[in-house]
Amino acid sequence: MITVLTGDNGFALERGLDELVAPYVAEHGDLGLERIDGRETDAGGVREAITNMPLLAARKMLVFKGLGANKQVVEQVEQLFDDIPETTDVVIVEPRFDKRLNYYKFLKKRADLREFNEPDAAGLARWLVEAAKESGGSISFGDARYLVERVGSSQQLLSSELEKLLLYDSKITRQTIDLLTDPAPQSTVFQLLEAAFAGDKRRALKLYADQRAQNVEPAQIIAMLAWQLHVLAVIKTAGERPADTIAKEAGINPFVVRKSQGIARNTTMARLKTLVNDLLRVDVGTKRTSADPDEALQHYLLKLAKS
């Protein structure tokens, strides 16, 4: 039997792998469990691992990671995985596939393919509510959504933050979230850009001051602003395509795309080009002259809010 785990949600991918491995180890022990780095082996090594009978165990489980980067294995996938002994379970972890290759087409046809994609903000909030409940605690959907917006959409980070919050108090509130978590710089820079686009100069400057108070350097803020402008440009050029399609084709988190679509709808590509050029001048000016980077960035934000 072949099981393929794929998708861009690394946290869910690892949990999916644990859910396969843990029952096997509980029943058969770990003597028959073999983890193989597909980038460090060859077709012969893969074939040997598959065809060798399990020792001291009734079944064998093989976990392959990185096979897609091994050209030799990819080209021989049908010969290698077409005849697996009944006593062997094969798990292939492949976060991304080139769906044009026979490697993907063969596994899609022959394997149990399980896809783990990044959930949107609402999906993450629902997951936090359920995860808190499973751990004997509680968090409202609204506060869970607030936690996502505050620390970002990384499910691994959210899991760690949830654990910390539950240790402090089993009933998580917005107050304990503010007390025990730090806002993600990337998330706050988005809010900064959102305020500037809305013409809210006072809020934009306050958010900038918050960033600096968190010891985020001007160069980092410039880089994050550039990234946010890049996301907006991608959304603009994508036209009416759905957020999930844009995210998949551009390699951007779907949560980020959805969050940025509102700003993108209310601006033009010409304005984005101007903003990128202006930000480039700020970046070059702060590196090549004695210009104060804080003053230059605040002036940029005020100009953005006026436009």
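Let me start with a term: a residue is partly exposed when its relative accessible area falls between the buried range, under 20%, and the exposed range, over 50%. Keep those cut-offs in mind. One caution as well: this is a predicted model.

Salt bridges, then. Side chains of opposite charge can pair when their charged atoms come close. How many salt bridges does this model have? The count is 18. I'll walk through a few.

Take R241 and E249. Their side chains form a salt bridge, N to O at 2.5 Å. R241 has 43% relative accessibility, so this arginine is partly exposed. E249 comes out at 56%, so this glutamate counts as exposed.

Next, helix α15, residues 269-288. R281 and D278 make a salt bridge there, at 2.3 Å from N to O. Why are they about one helical turn apart? Because they sit three residues apart in α15. Now look at accessibility. R281 is exposed, at 54%. D278 is buried, at 9%.

Stay in α15. D283 and K287 both lie in this helix, four residues apart, about one turn. They form a salt bridge too, with the closest N and O atoms 3.3 Å apart. Buried or exposed, for D283? Buried, at 18% relative accessibility. K287 is exposed, at 62%. There is also a network: R212, E217 and D294 are joined by salt bridges that share partners.

On to helix α7, residues 141-151. Which residues are buried here? D143, A144, Y146, L147, V148, R150 and V151. So two charged residues, D143 and R150, appear in that buried list. After α7 comes G152, and its phi is positive, near 110°.

Last stop: E94. Where is this residue? In the loop between β4, residues 88-93, and α5, residues 102-110. E94 is buried, yet it has no salt bridge. The nearest side chain of opposite charge is R39, and that is 8.2 Å away. A salt bridge needs nitrogen and oxygen within 4 Å, so R39 does not qualify. What does the E94 side chain reach instead? The backbone nitrogen of G68, at 2.8 Å.

And the surroundings of E94? Setting aside neighbours within four places in sequence, E94 is in contact with L5, T6, G7, G66, L67, G68 and Y103. Note G68 in that list. Its backbone nitrogen is the one the E94 side chain reaches.

To recap: the model has 18 salt bridges, and E94 is buried without one.

Conventions. Residues numbered from 1 in each chain as written. Predicted model: local features only at pLDDT ≥ 70, side-chain atom pairs only at ≥ 80, totals over all residues. Heavy atoms only, no water. Buried < 20%, exposed > 50% of the residue type's maximum accessible area, 1.4 Å probe, protein only. Polar contact = N/O pair within 3.5 Å; in protein donor to acceptor, adjacent residues only side chain to side chain. Contact = heavy atoms within 4.5 Å.
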